[in-house]
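Let's explore a protein chain together, one question at a time. Take a look at the picture first, then read on.

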Amino acid sequence: MTTETAVRPGSAPGPGAAAPLPLEAAGLDLERRLAARAARERAAVPRVAVIGAADVLRREEPQTAAARAAATVHLTADAVLVGPWGGSADTAACGCCLAVRWQRLRTRTERDALETGLSRSAAGDWPVLPEYTADAVWSLCRLTADAAGGALPQVTRLDLETGQVSTVPLLAEPLCPHAPHTPQAQVTVEAEGFPASREKPAADRYRLRTAGGYDLPAAALANPVCGVLGAGTWSDVTSPTTAPVAGSVFMRGYAGLTDVTWSGQSHSFAASRDLAFLEGLERYAGTHRRDRGGIVTDSYDNLGDAALDPRDCGLYAPETYRDDPMIAPFDPSRPIPWVRGWSLRDDRPVLVPARLVYYSAGTAADHFVFECSNGCATGSCLEEAVLFGLLELIERDAFLLAWYGNARLTEIDLGACRSPVLRAMTDRAALCGYDVHAFDNRVDLAVPVVTGLAVRRDGGPGTLAFAAGAAFDPETAVEAAVSEILTYLPHLPRQVTERPAELDAMAEDFGLVRRLPDHAALFGLPRMARYVGSYLEPTAVRPPAEVYAEWEDRRPRGLDLRDDVLWCTQELARAGCDVIVVDQTAPEQRRMGLRTVCTIAPGLLPIDFGWARQRALTMPRLRTAQRRAGMRPDDLRESEVRRVPHPFP
């Protein structure tokens with residue numbers, strides 16, 4: 001198709017304008033035929049827009065956006081969408097919301113064709129709209145004109161091939177190019193009284209609501225027309241270890257479109273589905289900023305103490321910046337986008353590079369690092385989300401300290417754990433041919449961190465699988481690590497056998513480890529077992545009650561979640577780290593009673609993927625933490641660093 005012209009579907013092109021392309025021409029024709037039917041019945045004329053002829057994720061001209069927003073019939077290449085209709089005043093959505101959500105669900109080929117600016121040519125007149133299709137669309141317009149439709153706006157889809165009719169709910173797009181339908185005042189976390197007192201259900205309960213306790217609009221989150229998180233979910237009924245539910249969606253980031261998968265792994269499909277939606281919403285909020293405004297663009301040199309120095313969070317090795325064309329060294333004199341955060345340690349506002357907070361967004365000016373979801377978490381309130389974000393930072397930091405620092409860890413005797421759930425999980429792993437081990441992975445921070453390791457008994461493909469967990473309750477940390485491992489075991493052998501030559505090449509040249517999946521898959525190779533002697537030959541095997549006796553005497557046991565957050569803050573401050581909180585919550589999440597945050601503790605080792613992009617290897621903490629913990633008398637020497645890609649999944 002040739003480059004599209006900005007003709008509003010439903011109106012004739014002006015003098016000298018290019019003729020409308022097939023989809024646009026079909027939209028004009030459909031609007032004329034609907035107008036004729038409306039005239040016969042003395043009814044309102046439906047406005048028609050087309051979706052799929054131009055990129056609606058880029059801001060359209062105001063006149064075009066207004067016309068699209070007002071449309072109640074939307075023509076695509078394979079369907080007619082009628083709506084949005086119904087809903088309430090505080091959930092209102094428009095045709096622009098529908099178009100944006102629809103485009104995000106298209107295939108990689110469709111999205112690249114629309115969004116990359118490449119020239120396109122028409123392959124013929126399409127879609128073909130016989131009279132009975134126009135009759136069906138008109139009937140749907142009449143049926144939905146005065147329908148209530150429930151709490152959320154609805155969209156009715158007429159399939160042009162089968163004639164099948166289906167209806168799905170639509171959530172308003174907070175960044176709608178026409179107008180914000182979910183206006184939110186820009187409230188800073190400190191203005192909300194953060195951190196606030198939050199009473200816990202019990203001293204050892206850190207979630208104020210269960211995963212199933214949120215009123216999540218599942219049909220609006222996952223449907224093939226306008227799902228916020230994807231076209232649907234799928235369940236793996238063949239999994240021998242968990243009851244997985246997952247979904248996925250393409251998100252455009254630094255390196256083009258990325259297939260972002262979100263999943264829940266529990267012991268029932270219902271529970272897994274709730275967890276999957278919560279993870280999907282967390283990634284939705286963390287990949288891109290969903291609120292308007294709140295961005296400050298300036299240089300670090302100008303901002304000074306009002307801003308976080310991104311160098312404190314780690315940078316890549318100089319040769320990475322030299323060899324990788326996608327990144328450039330941090331330049332403190334270059335203006336970059338910043339977002340507002342709050343320092344819990346210093347009790348003051350602080351600006352944070354947007355690049356460190358939203359991990360699929362960025363500009364050419366701030367491409368000094370590729371961040372991932374380090375420290376991002378969701379909860380029922382800011383305090384809950386912050387606590388779990390900090391636990392994740394502590395978990396990942398400890399894992400990397402042990403891995404790259406080649407630390408000798410104490411193995412935890414799983415047979416001495418009280419949890420029947422844990423015993424059931426290790427039994428399931430055994431049925432898959434794996435022995436499961438767990439290690440006390442604390443270094444210089446007191447919070448229990450457990451690294452789990454599954455070892456395939458026969459030494460075949462899928463030899464090793466690692467995971468980690470952190471929690472105030474030690475057995476909860478063990479369960480979290482083992483549960484995470486169980487999610488990988490059914491698939492790991494296949495992931496290795498599908499790409500043996502590629503993984504063998506990575507084992508010979510670590511520079512070929514470039515993507516997130518490469519790290520775990522590499523350690524599915526039997527030959528990689530030679531790099532994990534510190535885990536396969538632990539210094540001791542001890543029961544958890546003995547390993548964590550000192551912790552049990554000092555752990556926080558209050559009923560206020562605020563105290564737990566402040567305890568973690570103080571523990572990190574003793575290690576020389578600030579604790580910074582950035583509220584990532586999307587407007588859709590606020591309506592569901594959810595809050596999502598990015599927590600940052602500058603100085604802790606962050607997880608990175610790709611061997612050339614390992615900030616942990618350049619950071620002082622890698623060399624000093626074991627000495628601070630009393631695990632060795634001196635700093636780690638360069639010759640002692642385990643320079644092997646980490647196996648964190």
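Q: In what order do the strands of the open sheet that begins with strand 1 lie?
A: This is a predicted model, in which local features need pLDDT of at least 70 and side-chain atom pairs count only at pLDDT 80 or more, while totals for chains, interfaces and linings use all residues. Residues are numbered from 1 along each chain as its sequence is written, and side-chain values use heavy atoms, with hydrogens and water left out. Strands here are DSSP runs of E with at least two residues, helices are runs of H or I with at least four, and both are numbered from the N terminus; two strands pair if DSSP finds at least two bridges between them. The open sheet has 5 strands with mixed pairing, and their order is 1-2-3-4-5.

Q: Which strands form the edges of this sheet?
A: An edge strand pairs on one side only. Here, the two are strand 1 (48-50) and strand 5 (165-169).

Q: Which residue of strand 3 stands opposite H74?
A: Strand 2 (residues 73-75) and strand 3 (residues 79-85) run antiparallel and are joined by 3 bridges. Opposite H74 in strand 3 stands L81.

Q: What angle does the direction of helix 5 make with that of strand 4?
A: Helix 5 (residues 131-145) packs on the sheet and is in contact (heavy atoms within 4.5 Å) with strand 2, strand 3, strand 4 (154-159) and strand 5. Axes are lines fitted to C-alpha atoms, for helices over the stretch in contact, and angles run from 0 to 180 degrees between N-to-C directions. The angle between helix 5 and strand 4 is about 165 degrees.

Q: Which residue in strand 16 stands opposite L453?
A: Another open sheet of 5 strands has the order 16-15-14-13-17. In it, strand 15 (residues 449-456) is joined to strand 16 by 7 bridges, and the two run antiparallel. The residue opposite L453 is F466.

Q: Which helix gives the most to the largest nonpolar core?
A: A nonpolar core is a set of buried Ala, Val, Leu, Ile, Met, Phe, Trp, Tyr and Cys residues joined through side-chain atoms within 4.5 Å. The largest one has 100 residues, and W403 and L572 are among those with the most contacts inside it. With 15 residues, the top contributor is helix 10 (residues 382-404).

Q: Is Q584 buried or exposed?
A: Q584 sits in the loop between strand 18 (580-583) and helix 20 (587-591). Leaving aside neighbours within four places in sequence, its contacts include A285, V357 and T596. Buried means under 20% relative accessible area, exposed over 50%, and partly exposed in between (1.4 Å probe, protein chains only). Because its relative accessibility is 2%, Q584 is buried.

Q: What radius of gyration does the chain have, and why does it agree with a compact globule?
A: The radius is taken over C-alpha atoms, and the globule rule is 2.2 Å times the number of residues to the power 0.38. For 649 residues a compact globule would have a radius near 26 Å, so the chain agrees with its value of 27 Å.

Q: Which residues does UniProt list for "domain: YcaO"?
A: The UniProt entry is unreviewed; its positions use the numbering given here, feature names are shortened, and annotations may be inferred rather than shown by experiment. Over the listed stretch the chain is 37% helix and 16% strand. UniProt lists residues 264-649.
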